[in-house]
Amino acid sequence: MLIQLVNIKVQDGTRDTFLEAFTINCNGTREEPGNIRFDLLHDPEDANNFFVYEIFESEAALDEHRKTPHYQTCVEMIEPITIGGRTKTYFTPVLVQGT
């Protein structure tokens with residue numbers, strides 16, 4: 001199991017574009033066979049600061065995700081509007097529901 005939290009901050013005035021891109025990505029990713037969970041969250045103190053909580057069956061499933069058209073479209077749409085790129089934190093499950 002691979003668990004990651006991705007942090008993405010976007011420029012003022014670009015939130016709608018970001019949400020459009022991530023709607024495409026979320027809808028596609030949730031249909032992938034190796035995806036367990038894919039949630040988009042935002043910081044309640046900063047509406048332009050987002051977190052993506054992702055769980056994939058394996059690193060191979062994540063690699064396949066990165067090859068999908070919905071992922072590639074999302075990246076193309078958000079790259080020009082992000083501040084500081086994307087940061088990723090990986091986690092090891094300890095007490096996880098459903099395991």
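Visitor: What do F18, F22, F38 and F50 form?

Guide: F18, F22, F38 and F50 form one aromatic cluster. This is a predicted model in which local features need pLDDT of at least 70 and side-chain atom pairs count only at pLDDT 80 or more, while totals for chains, interfaces and linings use all residues. Residues are numbered from 1 along each chain as its sequence is written, and side-chain values use heavy atoms, with hydrogens and water left out.

Visitor: How many aromatic pairs does the structure hold?

Guide: The structure holds 3 aromatic pairs. In one of them, that of F22 and F38, the centres are 6.4 Å apart and the planes differ by 10°.

Visitor: Why is the pair of F22 and F38 called stacked?

Guide: Rings of Phe, Tyr and Trp (its six-membered ring) pair if their centres lie within 6.5 Å, and planes under 30 degrees apart count as stacked, over 60 as edge-to-face and the rest as tilted. The values of 6.4 Å and 10° for F22 and F38 satisfy both limits, so the pair is stacked.

Visitor: Which elements hold F22 and F38?

Guide: F22 is in helix α1 (residues 15-29) and F38 in strand β2 (residues 35-43), so the pair links parts of the chain 16 residues apart. Helices (H or I, at least four residues) and strands (E, at least two) are DSSP runs, numbered from the N terminus.

Visitor: How do you know whether T82, in strand β4, is buried or exposed?

Guide: The relative accessible area of T82 is 16%. Buried means under 20%, exposed over 50% and partly exposed in between (1.4 Å probe, protein chains only), so T82 is buried. F22 and F38 are both buried as well.

Visitor: What makes T68, in the loop between α2 and α3, buried or exposed?

Guide: T68 has a relative accessible area of 14%. This value falls under the limit for a buried residue, and therefore T68 is buried.

Visitor: What joins the side chains of T68 and H70?

Guide: They are joined by a polar contact of 3.1 Å. The term requires a pair of N or O atoms within 3.5 Å; within protein, one must be able to donate a hydrogen and the other to accept it, and residues adjacent in sequence count only if both atoms are side-chain atoms. The side chain of T82 likewise reaches the backbone oxygen of E79, at 3.4 Å.

Visitor: Which residues does T82 touch?

Guide: T82 touches I8, K9, V10 and Q11, not counting residues up to four places away in sequence. Contact means heavy atoms within 4.5 Å.
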